[in-house]
Amino acid sequence: MPTSTWTRHHVLSLADFTAAEYDIVLQTAASFQEVLSRRTKKVPALQGQVVANLFFEPSTRTRSSFELAAKRLSADTLNFAASTSSMTKGETILDTAKTYLAMGTDIMVIRHKEAGVPNAIAQEMDRLGVRVSVLNAGDGQHEHPSQGLLDLFTICSLIDPANPRLELLKGKKIAIVGDILHSRVARSNIWSLIASGAQVHLAAPPTLLPKFFAEYIFEDEPVPPGQLFIHWELEPALQNADFVMTLRLQKERMTAHLLPSLREYHQLFGITRAKLQRCQPNVKVLHPGPVNRGVEISSDLMDDPEFSLIQSQVTSGVAVRMALLYLIGSGKT
Amino acid sequence: MPTSTWTRHHVLSLADFTAAEYDIVLQTAASFQEVLSRRTKKVPALQGQVVANLFFEPSTRTRSSFELAAKRLSADTLNFAASTSSMTKGETILDTAKTYLAMGTDIMVIRHKEAGVPNAIAQEMDRLGVRVSVLNAGDGQHEHPSQGLLDLFTICSLIDPANPRLELLKGKKIAIVGDILHSRVARSNIWSLIASGAQVHLAAPPTLLPKFFAEYIFEDEPVPPGQLFIHWELEPALQNADFVMTLRLQKERMTAHLLPSLREYHQLFGITRAKLQRCQPNVKVLHPGPVNRGVEISSDLMDDPEFSLIQSQVTSGVAVRMALLYLIGSGKT
Amino acid sequence: MPTSTWTRHHVLSLADFTAAEYDIVLQTAASFQEVLSRRTKKVPALQGQVVANLFFEPSTRTRSSFELAAKRLSADTLNFAASTSSMTKGETILDTAKTYLAMGTDIMVIRHKEAGVPNAIAQEMDRLGVRVSVLNAGDGQHEHPSQGLLDLFTICSLIDPANPRLELLKGKKIAIVGDILHSRVARSNIWSLIASGAQVHLAAPPTLLPKFFAEYIFEDEPVPPGQLFIHWELEPALQNADFVMTLRLQKERMTAHLLPSLREYHQLFGITRAKLQRCQPNVKVLHPGPVNRGVEISSDLMDDPEFSLIQSQVTSGVAVRMALLYLIGSGKT
């Protein structure tokens, strides 16, 4: 597998991922996808290494996916659930991370409701001069890089299963629909899609997609010309789209008065078979899950394998996380 | 091991188990019982396969038993705890199951407080044409087949440890005592005991054992003649009984005004050394656990190895669950 | 490894540990410390054995440490979390333990908020004549023997990494500072330090260190002459100390009116760089974690590797727990 050029020690964000790095992840994940189709789905790559899942914010789906990826690489796993932890005992997050470091953890997979926690832990590890790696499994509204990479892998493997690579998306039109403002998934996807040369069309109600969003994302860099578009209506985003990425709508947005009602949201921004008529004929729909059926996407569309890539995304998730653990873990010789 | 004739893909209920299937489970469990007596209690049968324990209803005992059974077959295990799950995030149960399917789960062990959930998931898996198997680990007041099978194995191995088989129970009198109405354990036991040719005597207060219970269980089929008896008093059920199966009394039955008091319940239906005088001299007592000491069974009787099979049931549980996982998992070549 | 003379079946308390036993644990832990520095940190010593972590009182740190120790010895692990358990279903603790026994558990690691629970379970196992071992992972305010042993190992390995042994502490002055009265860690440390021939100086406010404490600990035995000293001020305990063991301050002590305020506690008994001036020049500070930064110890001191052994303690914890599991588990041939 093409690990020779991989030098990244932590995976915290896709903002500074290079085209070469994307391609190494895609190719490594493709190799593991092949392993997963065998009857015995294990490889001894990380035998004797310890992967600690430090989920300060609870999650079943992402935690199970990382846990399974680690087990299939023959690593030992430790699960940390915030609810039963020392966090309630006054320990700082950095001290918790350092405890797992001192126990001999090789890779820390970290989810936290505050943006920046995985970065802070990675910085502390580097300051201490230790070889432990940090994988961001979702931090606040900041990033969810493994989700961005698995979405990328899902799309690219659909186009060319034997050789998924970034350039396959050049010129494709991809709509991202929903609660852009609060979505770490959207942020990670924007980075990878822009890097691929795709056209990214964001669509959401104004409360969930402020005018200044593009500048906010790209900070000091110029917004890439001809690559990022913002819409307060769904139709222009769907027009001739090759892929539609829907985002999960957090119910708590309702109580914050950012939305009129789930029903109205579905009417305006929910993806249905009828609305997909505007897209390319072979358009595909993605969703990071868990899905609120009938809100972000109509129930029948979600179950239609002709349109929905949702199951595919989950399967890709294990392969992509195996790839990330493998690329990072193999550096530890 | 005698797997050649095993064709069942899911284990959801004992209602349609054949005599041959019971015997295959009993013989396979006997082989694993022997493995468990060795110092190294592992076999590589399910290496590389993934067993997901999806416990929508919490349970320590049954989950640990299935987890240990899976680990001893060298499978990888994933635990899903409803409390920290996406269930609270609006995802449907079928979508949760399909997520674990997409991750690459081979066998799903499912417990849910609603009857029929494991069946619904199994049907969906079959509809999708995938090879994943579903094991019912207790659904509402419907069935708890692995408990029924481990009770059967416990009794049959006592009678003939070298060759436990269904016919050993022919003509035996077995009393099932307690909250029959709400018990999934009772339902699964009734199926296996009736199939064995045993005489099954149910005993409970009228509120916990309605008159129409037998018809309710057997639905369109005729109640088997001379095999199932209903009593609203304990004594006739115990008279000359070979085995007494006590059921767990859910404390919440009290608040529903189905019982006068725990003390009165114990006086009328609790099993004590004195009451066992009516039974066969070598009578044995079973209980699925966890036991309310001094309610369903007197504390001294529970601890008396001459009468109690309770510890034996727990040990049998691991062997029987290994057998089920093995029989189902080996079909996946 | 020097297991030939090890005969202890349970580890419940350090009160009756012999000098030879301390030395066997220290030497075995040193061997495992070496294993942990390798890339593949696993040994097959306990393959096929089952270690059940029965944590009736929640804990992340100690549970993870025992779990990792067991996995590195290639044991299978089962985790029991009190919150989702049968405990809420009326089952007694002994019945829960007997259930895990019947499932085939080889070693039970037990934490409970009541003192004496691990002893009671160990007695029951011995009464039943079974080979299962019990490791006390903290019981109420009684003992936390694995913590006492890891503190001992941390100190002794610092003095002579190649050959850590009890006699290295003879004549050393060791201060134990903080909530002595409620601390199971303090009790376990007092036993091992007294056994080593060290001078142990306890320092705490009078509410957390009653006058009769020494007699209370040593019960019928005489308080060892010239080995145990009690101070209601910090300074005499620190004077020329070689090691300072700080204890965790439970926040709930505040609400019980045993302390004026955290700030005042820190001023009087918190360890700072300035206060360490009274100690030996190469003094080291320990804390069992999790630390309330700025309460028991100043934040900068905690992070200073010249003084703090806190990270070292966590690493030692895995090695010492591997040693205990190994010594106990290897007896089961």
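# A walk through a predicted three-chain model

Let's start in chain C, where strand β1 (residues 50-55) runs parallel to β3(C), and the two pair over five bridges. Before I go on, please remember that this is a predicted model. One of the contacts between these strands is easy to find: Asn53(C) has Val109(C) of β3(C) as its bridge partner.

Now look at the other neighbour. β3(C) also pairs with strand β4 (residues 133-139) of chain C, again in the parallel sense and over five bridges. Here, Ile110(C) is matched with Asn136(C) in β4(C). How does the chain get from β3(C) to β4(C)? The chain passes through helix α4 (residues 117-127) of chain C, making a β-α-β crossover that is right-handed.

So β3(C) has β1(C) as one partner and β4(C) as another. Is this strand covered or open? Strand β3 (residues 107-112) of chain C is mostly covered, with six of its six residues buried. Ile107(C), Val109(C) and Arg111(C) point one way, while Met108(C), Ile110(C) and His112(C) point the other way. Both sets are buried, including the arginine and the histidine.

Let's stay with chain C for a moment, but come at it from chain B. Find Lys41(B), in the loop between α1 (19-36) and β1 (50-55) of chain B. Is Lys41(B) buried or exposed? Its relative accessible area is 8%, and buried means under 20%, so Lys41(B) is buried. What does its side chain touch? There is a polar contact, at 3.0 Å, with the side chain of Asp106(C), so please look across to the other chain.

Further along chain B comes helix α3 (residues 93-103), which is mostly covered, as nine of its eleven residues are buried. Among them are Asp95(B), Lys98(B), Tyr100(B) and Met103(B). Just after this helix, Gly104(B) takes a positive phi of about 110°.

How are the chains arranged? Chain B can be superposed on chain A by a rotation of 120° with 0.0 Å of shift along the axis, and the RMSD is 0.0 Å. That is the relation of a three-fold axis. For chain B on chain C, the rotation is 120° with 0.1 Å of shift, and the RMSD is 0.0 Å.

Let's finish in chain A, with its helix α12 (residues 310-329). How long should a helix of 20 residues be? At 1.5 Å a residue, the expected span is 28 Å, and the end C-alpha atoms are 28 Å apart, which agrees. In α12(A), 17 of the 20 residues are buried, so this helix is largely enclosed by the rest of the structure.

Two loops in chain A are worth a stop as well. Leu209(A) sits in the loop between β6 (199-203) and α7 (213-218), and with 0% relative accessibility it counts as buried. Leu209(A) is 23 residues from Trp232(A) in sequence, yet their C-alpha atoms are 7.6 Å apart in space.

The second loop, between β8 (243-246) and α9 (252-255) of chain A, holds Arg248(A). At 13% relative accessibility, Arg248(A) is buried too. A polar atom of the Arg248(A) side chain lies 2.7 Å from the backbone oxygen of Pro290(A). The unreviewed UniProt entry lists Arg248(A) under "binding site", together with Lys89(A) and Arg184(A). Thanks for listening!

Conventions
Residues numbered from 1 in each chain as written. Chains lettered and ligands numbered in written order. Predicted model: local features only at pLDDT ≥ 70, side-chain atom pairs only at ≥ 80, totals over all residues. Heavy atoms only, no water. UniProt positions renumbered as here; feature names shortened; annotations may be inferred. Helix = DSSP H or I, 4+ residues; strand = E, 2+ residues; numbered from the N terminus. Buried < 20%, exposed > 50% of the residue type's maximum accessible area, 1.4 Å probe, protein only. Polar contact = N/O pair within 3.5 Å; in protein donor to acceptor, adjacent residues only side chain to side chain. Least-squares fit on C-alpha atoms with pLDDT ≥ 70 in both. Pairing = 2+ DSSP bridges. Right-handed = clockwise from strand over helix to strand, strands pointing away. Expected span 1.5 Å × (residues − 1).
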